[in-house]
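This report describes selected features of the structure shown below, beginning with the surroundings of a single residue and moving on to helices and the contact between chains.

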Amino acid sequence: MQKAILRDLLVLLGVFGLIWMLFSLFSYPEDPQLLSIQKEEVLGEAYVDLILLNPLFREYENSMVDSAVGVIGERLLEGLPDTEYSYHFEVFDSEMINAFTVPGGNILISTGLIGFCDTPEELAAVIAHEMGHVEERHVISRLIKELGIEILSSGDPYVIGEISSLLTSTSFDRRQEEEADSFAAELLEATSIEPRTLASFFRKLEKEMDNELLNQFAFISTHPNFYSRIRDALLYVPGDEFTTRSIDLNWEEIRAGL
Amino acid sequence: MMDYHPLPQPDQIETRIKEDAMGAYFMMFATMAMGIPLPILNLVAAIIYYYVNRDKGKFVQFHTLQSLYSQIPVTLLNSGLVAWTIVNLVKDLDFTGFYWGYLVMVAAANLVYFVFSLVGAIRARKGLFYYFLFFGKLAYYQVYRIRPEGGQSVMRNKPPGP
């Protein structure tokens with residue numbers, strides 16, 4: 001009898017476990033794998049072009065700033081040799097402190113944010129966080145979840161325009177922010193930048209929380225869970241062989257030229 | 001080889017006993033409606049019903065125990081769903097595929113539990129046994145197994161195996 005009871009229990013566990021697994025796989029409409037990276041890059045390019053046409057995000061042309069952002073980007077990419085994305089860093093002219101990710105490895109950074117960062121390492125920490133959203137495919141997951149794959153892959157210019165305006169205000173959930181923070185800490189360590197720069201940058205933002213210029217900064221969208229992110233960033237301990245190498249830029253001059 | 005008490009036949013069971021056995025299943029439906037926000041309430045009610053009715057003979061004991069045992073995993077699954085939902089809402093987490101899969105599994109478990117309990121109640125009212133998968137055998141084993149006198153295990157000699 002005991003054997004029959006055990007057999008029945010296994011049958012029950014098997015049947016219900018199988019139902020759970022099958023329906024878990026069925027209900028993954030936000031799977032970013034549904035859209036190839038190549039397709040994401042083509043769409044991303046169109047989104048960036050449209051976003052930069054918006055007067056609030058007009059392209060900022062300053063070779064010194066472009067080159068500084070390029071240097072920081074290159075430094076971070078040293079830690080990502082196997083990335084499938086070809087990254088583009090665009091600076092837009094806005095006093096708002098803001099940076100956001102557009103599909104296809106495009107990261108848009110405001111002049112306000114560059115002015116707000118006291119060191120190039122702080123800007124590197126923000127960019128590394130945004131690269132985390134790219135590598136984890138958070139933007140595309142969110143778009144697929146909210147709009148569906150059919151709308152997202154549509155080439156209709158009207159749809160692309162609507163998605164572009166959505167992207168400038170896309171926020172992520174807490175799990176995604178934590179994943180991006182954790183990715184950023186590892187990437188900073190891999191590129192010899194102090195990973196806890198992220199924590200000091202968070203603390204700086206915390207003091208400025210009432211600053212209206214921060215209103216659109218999705219980076220801090222998970223407030224009030226913001227403090228746990230500060231704690232997690234501080235708890236990140238780099239490996240024994242870690243040494244820092246500063247980013248060789250005349251940051252004061254760059255900020256003064258904005 | 002384990003020995004079991006003989007099973008009573010429908011004509012040997014009083015109507016009052018049949019009704020008490022049926023009540024074990026129907027009582028669950030009533031508490032289920034009440035316990036949706038706090039599924040653990042169902043389980044408390046099931047335990048109370050078992051203790052109140054367990055002196056009414058083995059037939060009632062079997063049905064109340066089967067109902068109670070089958071209630072335990074359903075309650076745990078429902079509690080898990082409520083907890084998972086609250087955590088996701090409070091922490092602003094995504095409702096992932098695993099969550100939706102779990103939701104479907106819990107719904108299936110509740111449906112199966114409901115149908116089996118309904119059939120169990122009807123059969124009990126007729127003085128019949130109805131064995132749920134796993135829980136039926138477990139309840140039968142618990143209630144009808146002949147235990148040694150005084151609760152002590154008795155060593156028995158067995159002939160050699162073939």
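## Surroundings of Glu194(A)

Leaving aside neighbours within four places in sequence, Glu194(A) is in contact with Glu121(A), Leu188(A) and Thr244(A). The model is a predicted one. Glu194(A) lies in the loop between α9 (174-190) and α10 (197-207) of chain A.

Is Glu194(A) buried or exposed? Glu194(A) has 20 C-beta neighbours inside 10 Å and therefore counts as buried, since the cut-off for a buried residue is 20 or more. A further relation links Glu194(A) to Phe242(A): the two residues are 48 residues apart in sequence, and their C-alpha atoms are 8.8 Å apart in space.

## Helix α5 of chain A

Helix α5 of chain A comprises residues 120-135. For its 16 residues, a rise of 1.5 Å a residue gives an expected span of 22 Å, and the end C-alpha atoms are 22 Å apart, which agrees.

Of the 16 residues of α5(A), 15 are buried, so this helix is largely enclosed by the rest of the structure. After α5(A) comes Arg137(A), which has a positive phi, near 60 degrees.

## Contact between the chains

How many residues of chain B are in contact with chain A? There are 19 residues of chain B in contact with 19 residues of chain A. On the side of chain B that touches chain A, α4 (97-125) and α5 of chain B each supply at least two residues. The most is given by α4(B), with nine residues.

Divided by class, the side of chain B that touches chain A has 13 nonpolar, two polar and four charged residues.

## Packing of α1(A) against α5(B)

Helix α1 (residues 2-26) of chain A packs with helix α5 (residues 135-144) of chain B, with their axes 9 Å apart and at an angle of about 150 degrees. Angles over 145 degrees count as roughly antiparallel, and α1(A) and α5(B) are therefore roughly antiparallel to each other. Their crossing is left-handed.

Which residues of α1(A) and α5(B) meet? From α1(A) come Ala4(A), Ile5(A) and Asp8(A), and these meet Lys137(B), Leu138(B) and Tyr141(B) of α5(B). The residues of this contact divide into four nonpolar, no polar and two charged. As general background, an α-helix has 3.6 residues a turn, so residues three or four places apart point the same way.

How values were computed: Residues are numbered from 1 along each chain as its sequence is written. Chains are lettered from A and ligands numbered from 1 in the order in which they are written. This is a predicted model: local features need pLDDT of at least 70, side-chain atom pairs count only at pLDDT 80 or more; totals for chains, interfaces and linings use all residues. Axes are lines fitted to C-alpha atoms, for helices over the stretch in contact, and angles run from 0 to 180 degrees between N-to-C directions. Helices (H or I, at least four residues) and strands (E, at least two) are DSSP runs, numbered from the N terminus. Angles under 35 degrees count as roughly parallel, over 145 as roughly antiparallel, 65 to 115 as roughly perpendicular and the rest as oblique. A crossing is left-handed if the near helix is turned anticlockwise from the far one by less than a right angle, and right-handed if clockwise. Two residues are in contact if their C-beta atoms, placed from the backbone, lie within 7 Å. Ala, Val, Leu, Ile, Met, Phe, Trp, Tyr, Cys and Pro count as nonpolar, Asp, Glu, Lys and Arg as charged, and the others, Gly among them, as polar. The expected span of a helix is 1.5 Å times one less than its number of residues. A residue is buried if 20 or more other C-beta atoms lie within 10 Å of its own, exposed if 12 or fewer, and partly exposed in between; C-beta atoms are placed from the backbone.
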